[in-house]
Amino acid sequence: MSVAGTITTDAEQSAETLARWTWCGVIFSFLGLQILLSSVAVFLATSDPSNVIVEGYYEQAISWDQQRQTQAESDALGWKSVVSLEAAPDILQKPKLELSLLNQAGTPVGNSQVEGLLFHHARAGDVFKIHFTETRPGHYAALVPINKPGLWELLIAASGNEGTFQEKKQFLLKPSGELKNLQAQH
C-alpha cells in the first residue's frame, strides 16, 4: 500500500522527472523570450534615426536668455532668406540648395559665412552640416543629400560685416522634386 503523493515505481519516477524538466523548460523559455524581446526593443529604440536625442539640449536650455538675445538681434536686422532647390542632373549627383540673403532694403547680403544644419523631420537623427559657398553677391549654394520627399528643416547661420543672422526654415519637398517654402520660424 502506498501513501498519496509518494512515488512508488520507476515509471512514476520517470514521469515525475519529465514533468519537472518540461515545466522548467517552459519557464526558462518564457524568460528567454522576454530577454529577446527586450533586446530587440532596445536595439530599435537606439538605432532608429527617427528617434533622436538633441545634442546639447541641456546647454541650450541653460543659455536660453542668450539665445533669445541673439535671435532678437538677428530679427532686428530685418534680413530675409529665400531657399530654392535645383534638381540633380542625374541620380548619382546631389541636388543644389540655393539660399538668397536679402537685407531690409531688399538688396543682397554678400561676403557672409553661411552654414546650416539640414534634416528630414522623419529622420531627425540624420543631420547634415552644410557649408554654403557664395556663387554671386547675396546668393549661396551647397550640394545637399536631399533624396526623400517630405518635410525638411534648415537651420541657417550667416555672419559677416553687416551682422549675424540666424533662421529656422521649413520646406516641403514634393515627390516631383518641387520645393515649397513654408513659414520661417525664429
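**Entry 1: Ile146 and the core**

I count a residue as buried when its relative accessible area is under 20%. I keep in mind throughout that this is a predicted model.

I began with Ile146, which sits in the loop between β5 (139-143) and β6 (150-160). Is Ile146 buried or exposed? Its relative accessible area is 7%, and since the cut-off for buried is under 20%, Ile146 is buried.

Next I asked which residues Ile146 touches, not counting those up to four places away in sequence. I found Leu85, Pro95, Leu118, Trp152, Phe171 and Leu173. I also looked up the backbone distance to one of these partners: the C-alpha atoms of Ile146 and Leu118 are separated by 9.0 Å, with their positions 28 residues apart along the chain.

That led me to the largest nonpolar core, which has 23 residues. Ile146 is among the members with the most contacts inside this core, together with Val114, Leu118, Phe132, Leu154 and Phe171. I then listed the elements that give two or more residues to this core: β1, β2 (96-102), β3, β4, β5, β6 and β7. Which element gives the largest share of this core? I noted β6, with four residues.

**Entry 2: the aromatic pair and α3**

I searched the whole structure for aromatic pairs and came away with one. The partners are Trp79 and Phe165, with ring centres 5.7 Å apart and 35° between the planes, so I filed the pair as tilted, given that stacked needs under 30 degrees and edge-to-face over 60. Where do the two rings sit? Trp79 is in the loop between α3 (64-77) and β1 (80-86), while Phe165 is in strand β7 (residues 163-173). The pair thus links distant parts of the chain, 86 residues apart. I checked the burial of both partners too: Trp79 and Phe165 are buried.

I stayed with α3 for a moment. This helix has 14 residues and runs 20 Å from its first C-alpha to its last, close to the 20 Å expected at 1.5 Å a residue. Just after α3 I noticed Gly78, which takes a positive phi of about 75°.

Within helix α3 I picked out Ser74. I list Ser74 as buried because its relative accessibility is 2%. Which residues does Ser74 contact, once its neighbours within four places in sequence are left aside? I wrote down Thr164, Phe165 and Gln166. Phe165 is familiar here as the ring that pairs with Trp79.

**Entry 3: salt bridges**

I counted four salt bridges, and I looked up three pairings.

My first stop was Asp48 and Arg123, whose side chains meet at 2.9 Å, N to O. Asp48 lies in the loop between α1 (10-47) and α2 (57-62) and Arg123 in the loop between β3 (112-120) and β4 (128-136), so this bridge ties together parts that are 75 residues apart in sequence. Are these partners at the surface or inside? I have Asp48 as partly exposed at 29% relative accessible area, and Arg123 as partly exposed, also with 29%.

Then I turned to Lys169 and Glu167, which form a salt bridge at 4.0 Å, N to O. I was curious about burial here: Lys169 counts as buried at 6% relative accessibility, and Glu167 is buried with a relative accessible area of 8%.

Last on my list was Lys174 with Glu178, their closest N and O atoms being 4.0 Å apart. I put Lys174 down as partly exposed at 29% relative accessibility, and Glu178 as partly exposed at 44%.

**Entry 4: Asn111**

Most residues other than glycine have a negative phi. I therefore flagged Asn111, whose phi is positive at about 55° although this residue is not a glycine. Where does Asn111 lie? I traced Asn111 to the loop between β2 and β3. I mark Asn111 as exposed because its relative accessible area is 64%.

**Entry 5: the annotated segment**

I finished with the record. An unreviewed UniProt entry carries the annotation "transmembrane region" for residues 20-45. What does the chain do over residues 20-45 in the model? I found 100% helix and 0% strand over this stretch, with the end C-alpha atoms 38 Å apart.

Terms used: Residues numbered from 1 in each chain as written. Predicted model: local features only at pLDDT ≥ 70, side-chain atom pairs only at ≥ 80, totals over all residues. Heavy atoms only, no water. UniProt positions renumbered as here; feature names shortened; annotations may be inferred. Phe/Tyr/Trp six-rings, centres within 6.5 Å; stacked < 30°, edge-to-face > 60°. Buried < 20%, exposed > 50% of the residue type's maximum accessible area, 1.4 Å probe, protein only. Contact = heavy atoms within 4.5 Å. Expected span 1.5 Å × (residues − 1). Core = buried A, V, L, I, M, F, W, Y, C linked by side-chain atoms within 4.5 Å.
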